[in-house]
Amino acid sequence: MVVLKDGLFKKEVTMAKNEVIGGDYKGYQIGSGWGGNVYLRSSPFSKPLDLTKENIKKVEIVTEENKKKVLGTLGGGIAGGLLLGPIGLFAGLLAGGNKKEVCFMCYLKDGKKFMGVTESKTFQRLMALTA
């Protein structure tokens, strides 16, 4: 759970697992299949966009140290909508019971990019595609 400070009020927001939260594919779901493949899908019935070694340029965990750099790449408007105030909780691994969630930035070779939140297992599969 992430607490965002908006003016005088605090809002508690539960981060959805396996979701693109900003960038070119905002709102898409992140999925992974039996064979270790990872994909993005705008709806359950839409054709998936497969993430492969051929189309991924770089993937990095979003931490406090690189948050400013990531926000700059997303652009001020998108970043302002994503992060309302100083939260510093997009720090890589977020505890969620026994499961871990990872906030990451993915850069594609076609110039598109997105920020996503996913469980650690799917993130490991995504990282394996960049090796």
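**Questions on a predicted model**

Q: In which strand does Phe 114 lie, and is Phe 114 buried or exposed?
A: In this predicted model, Phe 114 lies in strand β10, which spans residues 113–119. Buried means under 20% relative accessible area. The relative accessible area of Phe 114 is 0%, so this residue of β10 is buried.

Q: Which residues does Phe 114 touch, not counting residues up to four places away in sequence?
A: Contact here means heavy atoms within 4.5 Å. Among the residues that Phe 114 touches are Leu 40, Leu 51, Phe 104 and Met 105. The others in the list are Val 20, Gly 22, Gly 23, Asp 24, Tyr 25 and Cys 106.

Q: What separates the C-alpha atoms of Phe 114 and Ile 21?
A: Along the chain, Phe 114 and Ile 21 are 93 residues apart. In the model, the separation of their C-alpha atoms is 7.6 Å.

Q: Which residues of helix α3 are buried, and where do they fall around the helix axis?
A: Helix α3 covers residues 120–128, and its buried residues are Thr 122, Phe 123 and Leu 126. Seen down the axis, the buried residues of α3 fall within an arc of 100°, so they line one face of the helix.

Q: Which residues are exposed on the other side of α3?
A: Exposed means over 50% relative accessible area. On the side of α3 away from its buried residues, the exposed ones are Lys 121 and Gln 124.

Q: Where does Ser 46 lie, is Ser 46 buried or exposed, and which backbone nitrogen does its side chain reach?
A: Ser 46 lies in the loop between β5 (38–41) and β6 (49–51). Its relative accessible area is 17%, and the cut-off for buried is under 20%, so Ser 46 is buried. The side chain of Ser 46 reaches, at 3.3 Å, the backbone nitrogen of Ser 42.

Q: Are Cys 103 and Cys 106 buried or exposed, and how many disulfides does the structure hold?
A: Cys 103 has 0% relative accessibility and counts as buried. Cys 106 is also buried, with a relative accessible area of 0%. The number of disulfides in the structure is zero.

Q: What is the mean pLDDT of the chain, and where is the pLDDT below 50?
A: The mean pLDDT of the chain is 73, and 60% of its residues reach 70 or more. Over residues 1–6 the pLDDT is below 50, though this stretch has 22 contacts in the model beyond near neighbours in sequence. Where pLDDT is low, the predicted coordinates should not be read in detail. A further stretch, with 21 contacts beyond four places in sequence and pLDDT under 50, is residues 9–16.

Methods
Residues are numbered from 1 along each chain as its sequence is written. This is a predicted model: local features need pLDDT of at least 70, side-chain atom pairs count only at pLDDT 80 or more; totals for chains, interfaces and linings use all residues. Side-chain values use heavy atoms; hydrogens and water are left out. Helices (H or I, at least four residues) and strands (E, at least two) are DSSP runs, numbered from the N terminus. Buried means under 20% relative accessible area, exposed over 50%, partly exposed in between (1.4 Å probe, protein chains only). A polar contact is a pair of N or O atoms within 3.5 Å; within protein, one must be able to donate a hydrogen and the other to accept it, and residues adjacent in sequence count only if both atoms are side-chain atoms. The arc is that of the directions from the helix axis to the C-beta atoms. A disulfide is a pair of cysteine sulfur atoms within 2.5 Å. pLDDT is the predictor's confidence in each residue, from 0 to 100.
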